[in-house]
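The following exercises concern strand pairing and the contact between two chains. Each task is followed by a worked solution.

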2 protein chains.
Amino acid sequence: MPRVRISDVAAAAGVSISTVSLVMNDRDARIPLETQERVRAAAAATGYTPNSVARGLRMQTTRTIGLVSDTIATTPYAGRMLAGAQDVAREHGHLVILVDTGDDAEVERDAIRALADHQIDALIYACMWHRVVDAPDHLPARTVFLDCRPVGGGHPAVVPDDRAGGATAVRELVAAGHRRIAFVDVDEPNAPIASALRLEGYMEALREAGIEPDPELHVYGATTTAKGGRSATDLLLDLPESRRPTALFCFNDRMAAGAYVAARHRGLEIPRDLSIIGFDDQQLVAAELDPPLTTVALPHYEMGRWATEVALGVRTPDDPGAVHLMECPIIRRDSVSPPPAAGRDPGRRRT
Amino acid sequence: MPRVRISDVAAAAGVSISTVSLVMNDRDARIPLETQERVRAAAAATGYTPNSVARGLRMQTTRTIGLVSDTIATTPYAGRMLAGAQDVAREHGHLVILVDTGDDAEVERDAIRALADHQIDALIYACMWHRVVDAPDHLPARTVFLDCRPVGGGHPAVVPDDRAGGATAVRELVAAGHRRIAFVDVDEPNAPIASALRLEGYMEALREAGIEPDPELHVYGATTTAKGGRSATDLLLDLPESRRPTALFCFNDRMAAGAYVAARHRGLEIPRDLSIIGFDDQQLVAAELDPPLTTVALPHYEMGRWATEVALGVRTPDDPGAVHLMECPIIRRDSVSPPPAAGRDPGRRRT
DNA sequence: TGAATCCGCTCAATCGTTTTAGCAACCACG
DNA sequence: CGTGGTTGCTAAAACGATTGAGCGGATTCA
């Protein structure tokens with residue numbers, strides 16, 4: 001059976017189409033309550049709900065927002081951004097049209113055009129991880145960048161405060177009493193921008209604590225995977241005992257997982273013999289590690305909310321030109337403890 | 001600046017709106033090439049692309065599909081289903097409007113209505129994991145179920161073939177020479193339907209191999225997490241040596257990860273002393289485990305494709321009433337080997 | 001008493017397309 | 001020269017809503 005239209009309601013209520021529209025959107029206070037009741041009753045009886053396409057054409061607003069991303073929806077990393085975006089959209093009666101481009105520029109261009117053709121009210125341009133992007137030319141006026149930042153600026157953007165997050169992580173280790181703190185970094189040809197930022201935070205926190213950074217303690221893995229973390233950690237643990245770190249700040253949780261296996265292979269117990277802190281708070285790895293990993297969370301949900309709120313115009317950035325930095329909170333689990341007492345054998349063998 | 005409309009193109013080309021529409025959709029062969037060229041040139045010059053909302057109103061098809069799910073997009077488990085759905089949608093010029101309901105029935109109802117109001121061409125009702133669902137009443141005619149199946153039937157549905165997948169896993173272990181194969185199951189109050197199905201497959205493969213199922217080897221964890229897997233595995237490894245299994249088929253990869261830690265705590269080496277096979281092929285866990293886990297993959301991507309293809313009408317199910325079962329392929333990594341030679345000490349200590 | 005205001009509603013235009021019916025000019029044919 | 005068919009295009013009616021202008025009657029006010 002076909003959808004019921006406003007004309008059906010009008011017929012049922014014995015009034016004109018205009019009247020139905022007026023009462024449904026209560027746009028005209030002059031219509032007496034009795035008539036209003038009649039119209040509402042007819043609408044309810046027929047099960048009428050307005051056709052959003054027709055309304056979209058007339059009103060020039062579709063109550064939809066587009067969200068293009070490289071691979072957010074289809075990879076397990078940043079889904080919480082979507083949750084934030086969707087929640088805000090729902091709260092304001094909007095729907096979100098999602099396109100994952102798989103990082104293909106042509107797909108992306110086509111997608112943005114298709115979205116514009118569909119008259120989306122706003123566009124969110126999102127990345128899976130913090131990047132600075134060379135954004136396409138013809139973006140809608142209402143575009144906001146999520147977890148990335150356009151080279152030229154010109155649109156609101158929100159990214160995690162990786163620098164501050166790095167500092168937070170290192171401060172946590174300092175507070176536990178560590179002085180020899182390593183940074184397990186990544187050495188990819190195009191390392192993520194977060195790498196440099198977290199390093200800055202690391203340096204900052206060391207400086208704050210009056211610790212002289214030891215270049216020897218800044219090591220690199222080839223990739224951001226467990227494998228990369230493991231090989232980098234091996235470098236550290238190969239150091240003579242006195243120069244070895246007592247704590248590791250790993251670029252991310254996966255690398256931290258690799259650090260766990262490197263430590264375990266030498267019979268080191270975490271956190272007794274070695275404290276480890278990660279970054280990202282990836283549930284599947286951080287929470288499942290043994291012991292569960294203390295880490296700094298990427299505020300994906302909050303960033304998704306922020307971006308959508310400004311896209312919808314319900315929030316205005318303090319400084320519309322600037323990139324909004326979102327705080328990365330620390331998630332305390334069980335991989336950090338005070339360093340082994342100086343001079344004590346860190347324990348070659350498990351009991 | 002406002003969008004360019006078809007009337008702008010018509011003016012630029014010096015023809016009527018009808019003509020422009022006709023050539024853009026090449027709907028009338030009678031228009032001479034010369035005029036066609038002129039129109040196309042004008043369209044290109046002005047940068048015209050048709051307004052999909054207006055077209056949607058006129059054509060009664062919006063070239064969008066709705067995808068409602070419990071929490072697919074926002075959790076790291078089943079994102080590949082989205083990838084499959086999106087790829088098919090894109091291949092056919094469609095956009096997908098995504099709503100994660102967070103399993104809230106009211107949100108779900110509202111979302112389905114909102115999608116219907118937006119005149120989606122088809123609806124995909126998806127779940128994060130294989131379930132049989134009590135689907136809402138007023139679903140669009142074109143609805144297909146993805147990774148779940150409506151109690152009453154009535155719509156096409158696709159789910160993984162968990163039974164066959166379970167059999168595949170166990171056959172792999174049998175082929176490696178194992179005879180004492182345990183099933184590390186889950187004992188949640190409402191255990192996933194996949195649990196019973198994979199058990200069936202387990203039984204089937206044992207029977208096939210002429211192995212008498214040993215009830216002692218069917219153990220339960222409290223949850224589908226690593227913790228659950230670990231405690232269930234402990235039960236198995238507490239068994240006297242002669243009754244202990246040489247291989248574990250774990251309900252999923254996370255439980256398999258738990259089995260790894262249980263084994264490691266007893267100094268058992270995988271796969272030398274104990275073979276382990278998982279289910280789901282969750283990248284973040286299966287591939288990162290040490291050694292990488294052999295597992296049976298959930299065909300998320302293919303299911304997403306299938307569902308979307310039938311939703312779009314480009315594929316017709318062989319039996320439209322039946323639930324389509326999608327094959328679960330085995331992913332061989334390094335956690336399965338032949339059992340330790342009979343009588344040999346399985347090795348209490350690492351070398 | 002005449003003008004102004006209010007009441008309760010409806011008319012008709014509009015949003016930007018697609019598509020059917022058909023007009024005017026021309027040609028061919030008997 | 002009338003008829004019929006083609007060619008090249010256009011007018012106008014949808015699609016389903018929203019909304020400003022307006023209409024006829026009753027009431028109020030000067």
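**Exercise 1.** Identify the bridge partner of Thr295(B) in β12(B), and place the two strands in their sheet.

*Solution.* In this predicted model, Thr295(B) is bridged to Ile331(B) of β12(B). The next step is the strand pair: β10 of chain B (residues 294-297) and β12(B) are joined by two bridges and run antiparallel. The sheet can then be written out in full. It is an open, mixed sheet of six strands in chain B, with the order β7-β6-β8-β9-β10-β12. At its edges lie β7 (218-221) and β12 (330-331) of chain B, each paired on one side only.

**Exercise 2.** Determine which strand of chain B pairs with β2 of chain A, and in which sense.

*Solution.* Strands of a sheet may pair in a parallel or an antiparallel sense, through backbone hydrogen bonds. Here, β2 (residues 95-100) of chain A is joined by three bridges to β2(B), and the two strands are antiparallel. At the residue level, Leu98(A) has Val96(B) as its bridge partner in β2(B).

**Exercise 3.** Describe the extent and composition of the interface between chain B and chain A.

*Solution.* Begin with the residue count: 48 residues of chain B contact 48 residues of chain A. The area buried between the two chains is about 4,000 Å², and carbon and sulfur atoms give 59% of this area. Val53(B), Leu95(B) and Leu284(B) together supply 16% of the area that chain B buries against chain A, more than any other three residues.

Turn next to the polar terms. Between the chains there are 18 residue pairs in polar contact, with both residues at pLDDT 80 or more. Elements of chain B that each supply at least two residues of the side touching chain A include α4 (52-59), α5 (79-91), β2 (95-100) and α10 (253-265). By class, this side of chain B comprises 22 nonpolar, 14 polar and 12 charged residues.

Finally, consider the salt bridges, of which four are found across the interface. One of the salt bridges links the side chains of Arg254(B) and Glu288(A), with an N to O distance of 2.6 Å.

**Exercise 4.** What is the symmetry relation between the two copies?

*Solution.* Superposing chain B on chain A takes a turn of 180° and a shift of 0.0 Å along the axis, and leaves an RMSD of 0.1 Å. The copies are therefore related as by a two-fold rotation axis. The contact residues complete the argument: 100% of those in chain B recur in chain A, and the same surface thus serves both copies.

Key: Residues numbered from 1 in each chain as written. Chains lettered and ligands numbered in written order. Predicted model: local features only at pLDDT ≥ 70, side-chain atom pairs only at ≥ 80, totals over all residues. Heavy atoms only, no water. Contact = heavy atoms within 4.5 Å. Buried area = accessible area lost by both parts, 1.4 Å probe. Polar contact = N/O pair within 3.5 Å; in protein donor to acceptor, adjacent residues only side chain to side chain. Helix = DSSP H or I, 4+ residues; strand = E, 2+ residues; numbered from the N terminus. Nonpolar A, V, L, I, M, F, W, Y, C, P; charged D, E, K, R; others polar. Pairing = 2+ DSSP bridges. Least-squares fit on C-alpha atoms with pLDDT ≥ 70 in both.
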